[in-house]
Structures are given as C-alpha cells and as structure tokens.
Amino acid sequence: MVRDTTVQDTIAMFDQHAATYDETWRGLAALRDALQLVLDAAFAALPVDANVLCVGAGTGAEIVPLAQRHPGWRFTAVEPSGAMLDVFRNKAQAHGIASRCTFHRGFLSSLPASAPFDGATSILVSQFVTDPRARQGFFRDIAQRLRPGGHLVSADLACDMASEAGSRLLALWFELMSFSPQARERAKSVYGDQVAVVPPQAVEALIEAGGFDAPVRCFQSGLIHAWFARAVNQG
C-alpha cells in the first residue's frame with residue numbers, strides 16, 4: 001500500500017497550490033484541450049442522463065466542459081484535497097453546473113454506495129499510487145463502481161525511462177515543461193519514486209487486471225498517455 005506519509009504529503013502539496021493550480025498549467029492548455037476532445041469522444045456512447053464518476057477531480061478541469069456539452073449528465077467529484085475541491089465547487093457555481101455535481105472530499109473507498117456509474121475518469125491520478133498492487137486495486141475500486149460495460153478514461157504520465165527512446169522522450173518532456181537543469185534532476189528522482197512513471201504497457205496491464213477489458217491507448221502528448229476501457233461484468 002502507499003505509505004500514509006506519502007499520501008498526506010501529496011494532499012498537502014495540492015492543498016498548497018490549489019489557488020494557483022489552474023494558472024500554473026495554463027501554458028499547457030493546448031494539451032488539456034486535446035485530451036478533453038478525446039475524452040468526450042470516448043464517452044460518446046453514454047446515455048443523455050449519464051452519471052459520471054470523476055476520481056481525483058482536482059479543480060474540475062474535465063468536468064466543466066463535459067457538463068457544458070452534456071446538460072443531462074450528473075457528476076460525482078471525488079477529491080482528497082479540500083482546497084482543490086473548494087476551487088472546483090466555486091467554479092461549478094460560476095458555470096451554473098453545481099446542482100448537477102456531488103462533491104466528495106476523500107478517497108473513492110469512502111464514497112457512499114450508489115447506483116452504478118455509466119462512466120468514470122481518472123486524469124493524472126493513478127500515477128500517485130506507487131505500489132503496483134495498490135494501483136491495480138485503485139482501478140478495481142473504479143470498476144466495481146461502474147455498471148457492466150461502463151466506460152473508463154484514464155490518463156497518466158508513462159515512460160520507459162530505462163530505454164533510449166524513453167530517455168529522449170523524457171528530455172522532450174522537460175523541454176516542454178520548461179524545466180531548469182535543477183528541476184530536471186529533481187524530476188528524475190521523483191519519477192518512479194513519488195510518481196509512478198512506468199512504461200505504458202505496465203499501466204495497461206494494471207488497468208486490465210483491475211477489472212477492465214484490454215485498454216485502448218487513445219492519446220499521447222509527451223509523457224501524458226490516455227486509455228479508454230470498459231468494465232468487465234463482475235457478476
């Protein structure tokens with residue numbers, strides 16, 4: 001399992017940066033928007049009254065455009081950082097979608113039981129679960145909340161950092177992020193330790209072992225990879 005200190009440190013980090021989080025990533029808005037287009041396409045088969053689970057919802061970056069595009073959908077935002085969730089709550093009120101959102105501060109395991117969800121998102125979340133067994137369990141917890149055949153879109157940083165191609169991709173990513181030489185060295189120590197940056201095939205295996213059919217890689221930009229998959233009938 002993930003060490004409690006690691007979990008609490010990660011939550012504290014997001015609490016600290018919640019107020020400026022969206023502004024910090026504004027320079028990469030093009031990547032976010034491209035992923036959003038793919039996410040919306042992957043959810044094309046969801047019903048007009050879909051109930052969507054968003055795990056690690058953060059400031060609601062994926063929920064707001066989905067809610068605006070699909071006025072009949074409802075969303076459950078699960079987020080352990082209270083400060084991040086507060087930012088999203090204010091954003092949801094400003095965009096007039098708060099009445100269609102349930103805000104849950106905590107982890108998925110503490111979310112009260114409900115009717116199965118039609119779809120779920122996990123955007124740059126599972127990478128913080130560094131133990132492979134726990135990461136597989138993370139996906140299984142999502143699968144068990146979905147109806148059979150329910151859709152998942154998951155995105156994480158992924159890279160085979162031990163390979164030549166992975167090393168070159170990492171250098172490109174650092175350039176894209178405008179990391180200083182010192183920041184690059186810090187990132188190299190964090191990736192694979194505090195953030196589970198592993199080869200894409202390893203992430204795919206964890207998703208499938210967590211209760212989904214073979215995930216389809218549908219997006220890549222730098223280190224960000226995304227997949228869509230369907231929950232396998234657990235009955």
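Start the tour by selecting Gly 149: with a relative accessibility of 24%, Gly 149 counts as partly exposed. Keep in mind as you go that this is a predicted model.

**Stop 1: Gly 149 and its strand**

Colour strand E5, residues 146–157, and you will find Gly 149 within it. Now show what surrounds this glycine. Leaving aside residues up to four places away in sequence, Gly 149 touches Arg 230 and Ala 231. Then draw a C-alpha to C-alpha distance from Gly 149 to Thr 130: the two are 19 residues apart in sequence, and the distance in space is 27 Å.

**Stop 2: Leu 124**

Next, select Leu 124, in the loop that runs between strand E4 (117–123) and helix H6 (132–145). Is its phi positive or negative? Leu 124 is not a glycine, yet its phi is positive, at about 55°. That deserves a second look, because most residues other than glycine have a negative phi.

Leu 124 has a relative accessibility of 30%, so it counts as partly exposed. Which residues does Leu 124 touch, not counting those up to four places away in sequence? Show Ala 155, Asp 156, Leu 157 and Ile 224 to see them. While you are here, add His 225 to the selection: it is 101 residues from Leu 124 in sequence, but the C-alpha atoms of the two are 9.2 Å apart in space.

**Stop 3: H6 against H9**

Follow the chain from that loop into H6, and bring up helix H9 (residues 200–209) alongside. The axes of H6 and H9 are 7 Å apart, and the helices pack at an angle of about 50°. H6 and H9 are therefore described as oblique to each other. Rotate the view to check the hand of the crossing, which is right-handed for H6 and H9.

To see the side chains that make this contact, select these two sets:

- from H6: Pro 132, Arg 135, Gln 136, Phe 139 and Arg 140
- from H9: Val 203, Leu 206, Ile 207 and Ala 209

Colour them by class, and the contact of H6 with H9 shows six nonpolar residues, one polar residue and two charged ones.

**Stop 4: aromatic rings**

Phe 139, which you have just selected as part of the H6 contact with H9, also leads to the aromatic rings. How many aromatic pairs does the structure hold? There are seven. One of them joins Phe 138 and Phe 139 in an edge-to-face arrangement, with 5.4 Å from centre to centre and 75° between the planes. Those two values are what to look for in the viewer, since a pair of aromatic rings is described by the distance of the centres and the angle of the planes. Are these two phenylalanines buried or exposed? Switch on a surface to see that Phe 138 and Phe 139 are both buried.

For another group of rings, select Phe 43, Trp 73 and Phe 75, which ring pairs link into a cluster.

**Stop 5: H7, H8 and the loop between them**

Now move to helix H7 (residues 164–176) and helix H8 (residues 181–190). Their axes come within 11 Å of each other and cross at roughly 130°. H7 and H8 are therefore oblique to each other, and their crossing is right-handed. On the H7 side, the contact is made by Leu 170, Ala 171, Phe 174 and Glu 175; on the H8 side, by Arg 184, Ala 187 and Lys 188. Sorted by class, the residues of the contact of H7 with H8 are four nonpolar and three charged, with no polar ones.

Before leaving, select Ser 178 in the loop between H7 and H8. Ser 178 is exposed, with a relative accessible area of 63%. Its phi is positive too, near 60°, and Ser 178 is a residue other than glycine.

**Last stop: Ala 19**

Finish at Ala 19, in the loop between helix H1 (4–17) and helix H2 (21–24). Is Ala 19 buried or exposed? Its relative accessibility of 76% counts as exposed. For a final distance, pair Ala 19 with Ala 143: they are 124 residues apart in sequence and 31 Å apart in space, C-alpha to C-alpha.

How values were computed:
Residues are numbered from 1 along each chain as its sequence is written. This is a predicted model: local features need pLDDT of at least 70, side-chain atom pairs count only at pLDDT 80 or more; totals for chains, interfaces and linings use all residues. Side-chain values use heavy atoms; hydrogens and water are left out. Axes are lines fitted to C-alpha atoms, for helices over the stretch in contact, and angles run from 0 to 180 degrees between N-to-C directions. Helices (H or I, at least four residues) and strands (E, at least two) are DSSP runs, numbered from the N terminus. Angles under 35 degrees count as roughly parallel, over 145 as roughly antiparallel, 65 to 115 as roughly perpendicular and the rest as oblique. A crossing is left-handed if the near helix is turned anticlockwise from the far one by less than a right angle, and right-handed if clockwise. Contact means heavy atoms within 4.5 Å. Ala, Val, Leu, Ile, Met, Phe, Trp, Tyr, Cys and Pro count as nonpolar, Asp, Glu, Lys and Arg as charged, and the others, Gly among them, as polar. Rings of Phe, Tyr and Trp (its six-membered ring) pair if their centres lie within 6.5 Å; planes under 30 degrees apart count as stacked, over 60 as edge-to-face and the rest as tilted. Buried means under 20% relative accessible area, exposed over 50%, partly exposed in between (1.4 Å probe, protein chains only).
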